[in-house]
Amino acid sequence: ELCVEVREEDAGSELKVTVVWTDPPASPSARETLVNDLDLSVTTPGKTQRVYGNHRVGFNQAKNEFVVPDVVNNNEQVTVARTLAGVYRVRVHASAVPVGPQKF
């Protein structure tokens with residue numbers, strides 16, 4: 001797991017965070033072809049919202065967050081169109097790494 005804090009001094013700018021990795025080859029008979037699953041998430045200042053990479057569907061209104069990480073792609077991006085001033089927490093979590101270590 002990697003966690004980085006990004007301080008945004010001025011509100012209103014755009015923030016883009018991307019993680020990309022080279023995934024090992026899947027078995028030819030595998031139903032799911034992503035072998036190592038890393039998940040990107042960004043938490044807004046005050047921990048008011050957490051968004052997963054590629055803005056996956058599954059928005060939980062009670063928690064005010066997208067709760068379904070992307071388990072298909074080896075590149076994930078979170079875009080915050082208009083930032084709030086404060087500290088954003090960027091997290092890359094290794095959900096499954098059967099072939100590792102996984103660099104990104």
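## Exercises on an all-strand chain

Let's open with one residue: setting aside residues up to four places away in sequence, leucine 40 touches Val17, Thr18, Val19, Val51, Tyr52, Gly53, Glu76, Gln77, Val78, Val90, Arg91 and Val92, where contact means heavy atoms within 4.5 Å. The model is predicted, so local features need pLDDT of at least 70 and side-chain atom pairs count only at pLDDT 80 or more, while totals for chains, interfaces and linings use all residues. Residues are numbered from 1 along each chain as its sequence is written, and side-chain values use heavy atoms, with hydrogens and water left out.

**Exercise 1. Describe the overall build of the chain.**

Step 1: Start with the elements. The protein chain has zero helices and eight strands; helices (H or I, at least four residues) and strands (E, at least two) are DSSP runs, numbered from the N terminus.

Step 2: Turn to burial. Of the 104 residues, 34% count as buried, which means under 20% relative accessible area, with exposed set at over 50% and partly exposed in between (1.4 Å probe, protein chains only).

Step 3: Look at sequence separation. Among contacts with a separation of 6 or more, 68% are between residues 24 or more positions apart.

**Exercise 2. Find which residues of strand S2 are covered, and place the strand beside its partner.**

Step 1: Split S2 (residues 15–20) into faces. Leu15, Val17 and Val19 form the covered face, and Lys16, Thr18 and Val20 the uncovered one.

Step 2: Follow the pairing. S2 and strand S7 (residues 75–80) run antiparallel and are joined by six bridges; two strands pair if DSSP finds at least two bridges between them.

Step 3: Pick out one rung. Threonine 18 has glutamine 77 of S7 as its bridge partner.

**Exercise 3. Identify the residues with the most contacts inside the largest nonpolar core.**

Step 1: Set the rule. A nonpolar core is a set of buried Ala, Val, Leu, Ile, Met, Phe, Trp, Tyr and Cys residues joined through side-chain atoms within 4.5 Å.

Step 2: Apply the rule. The largest core has 14 residues, and Val17, Leu40, Val42 and Val78 have the most contacts inside it. Two or more residues of this core come from each of S2, strand S3 (37–43), S7 and S8.

Step 3: Compare with the opening. Val17 and Val78 also appear among the residues that leucine 40 touches.

**Exercise 4. Decide whether threonine 43 is buried or exposed, and list its contacts.**

Step 1: Locate threonine 43, which sits in strand S3.

Step 2: Check its accessibility. Threonine 43 counts as buried because its relative accessibility is 14%.

Step 3: List its partners. Beyond its neighbours within four places in sequence, threonine 43 contacts Gln49, Arg50, Val87, Tyr88 and Arg89.

**Exercise 5. Locate the salt bridge and say what it connects.**

Step 1: Search the whole structure; one salt bridge is found. The criterion is a side-chain nitrogen of Lys or Arg within 4 Å of a carboxyl oxygen of Asp or Glu.

Step 2: Name the pair. The side chains of arginine 91 and glutamate 1 meet at 2.7 Å, N to O.

Step 3: Place both ends. Arginine 91 lies in strand S8 and glutamate 1 in the segment before strand S1 (2–8), so the pair ties together parts 90 residues apart in sequence. Glutamate 1 counts as exposed, at 62% relative accessibility.

**Exercise 6. Find the cis peptide bond.**

Step 1: Recall the background: most peptide bonds are trans.

Step 2: Go to the bond from glycine 100 to proline 101, which is cis, with omega near 5°.

Step 3: Place proline 101 in the segment after S8.
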